[in-house]
Amino acid sequence: MSAKMSPKELKSIFEKYAAKEGDPNQLSKEELRLLIQTEFPNLLKGPNTLEDLFKELDQNGDGEVSFEEFQGLLNKISQ
Ligand SMILES: [Ca+2]
Ligand SMILES: [Ca+2]
């Protein structure tokens, strides 16, 4: 995995996983789990659990992660 990811790449990853169930424009917790485990497994090697990550990304607390919210992940993967 490259250290930097363009917004376009991030968008295509988001769309691929968000379309798996329910609203195709929102990531459920299960979809986020699949996405992280497949694309960014390193994110779960530190102290962060998926639960923490989901809460952190879901800023409006509706139980799903929109693309806008998902972009918060960019800060994590570019560290
Ligand atoms: Ca979805
Ligand atoms: Ca949300």
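Leaving aside its neighbours within four places in sequence, which residues is Ser66 in contact with? The legends below take up this question and the sites around it.

This is a predicted model, in which local features need pLDDT of at least 70 and side-chain atom pairs count only at pLDDT 80 or more, while totals for chains, interfaces and linings use all residues. Residues are numbered from 1 along each chain as its sequence is written, chains are lettered from A and ligands numbered from 1 in the order in which they are written, and side-chain values use heavy atoms, with hydrogens and water left out.

**View 1. Ser66 and Gln26, in strands β2 and β1.** Ser66 sits in β2 (residues 65–66). Strands are DSSP runs of E with at least two residues, helices are runs of H or I with at least four, and both are numbered from the N terminus. Beyond its neighbours within four places in sequence, Ser66 is in contact with Phe14, Asn25 and Gln26. Contact means heavy atoms within 4.5 Å. Ser66 has a relative accessible area of 17%, so it is buried. Buried means under 20% relative accessible area, exposed over 50%, and partly exposed in between (1.4 Å probe, protein chains only). Gln26 belongs to β1 (residues 26–27). Gln26 is buried too, with a relative accessible area of 17%. Its contacts, leaving aside neighbours within four places in sequence, are Phe14, Ala18, Glu31, Asp62, Glu64, Val65 and Ser66.

**View 2. The site of the calcium ion (ligand 1).** Ala18 (O), Glu21 (O), Asp23 (O), Gln26 (O) and two OE atoms of Glu31 coordinate the ion at 2.4 to 2.6 Å. Donors are N, O and S atoms within 2.8 Å of the metal (3.2 Å for Na, K and Ca); water is not among the atoms, so sites may look incomplete. Along the chain the donors follow the spacing A-x2-E-x1-D-x2-Q-x4-E. Glu21 lies in the loop between α1 and β1 and Glu31 in helix α2, so this pair ties together parts ten residues apart in sequence. The six donor atoms show angles of 51 to 164°, and the site is irregular. Four donors count as tetrahedral if all angles lie between 85 and 135 degrees; four count as square planar and six as octahedral if opposite donors are over 155 degrees apart and all others between 65 and 115; anything else is irregular. Glu31 is buried at 1% relative accessibility, whereas Glu21 is partly exposed at 40%.

**View 3. Ala18 in helix α1.** Ala18 has 0% relative accessibility and therefore counts as buried. Apart from neighbours within four places in sequence, Ala18 is in contact with Asp23, Pro24, Asn25, Gln26, Leu27 and Glu31. The C-alpha atoms of Ala18 and Phe67 are separated by 9.0 Å, though the two are 49 residues apart along the chain.

**View 4. The site of the calcium ion (ligand 2).** The protein donors are Asp58 (OD), Asn60 (OD1), Asp62 (OD), Glu64 (O) and two OE atoms of Glu69, lying 2.2 to 2.6 Å from the ion. Their spacing along the chain is D-x1-N-x1-D-x1-E-x4-E. The six donor atoms subtend angles of 52 to 154°, which makes the arrangement irregular. Asp58 is buried at 8% relative accessibility. Asn60 is exposed, with a relative accessible area of 53%.

**View 5. A cluster of rings: Phe14, Phe67 and Phe70.** The structure holds three aromatic pairs. Rings of Phe, Tyr and Trp (its six-membered ring) pair if their centres lie within 6.5 Å; planes under 30 degrees apart count as stacked, over 60 as edge-to-face and the rest as tilted. Phe14 and Phe67 are edge-to-face, 5.3 Å centre to centre with 65° between the planes. This pair links helix α1 to helix α4, 53 residues apart. Phe14 and Phe70 are tilted, at 5.3 Å centre to centre and 45° between the planes. Phe14 lies in α1 and Phe70 in α4, so the pair ties together parts 56 residues apart in sequence. Phe14 is buried at 2%, Phe67 at 18% and Phe70 at 0% relative accessibility.

**View 6. The buried face of helix α3.** Leu50, Leu53, Phe54 and Leu57 are buried in α3. Seen down the helix axis, they fall within an arc of 100°, so they line one face. The arc is that of the directions from the helix axis to the C-beta atoms. These buried residues pack against β1, α2, β2, α4 and α5.
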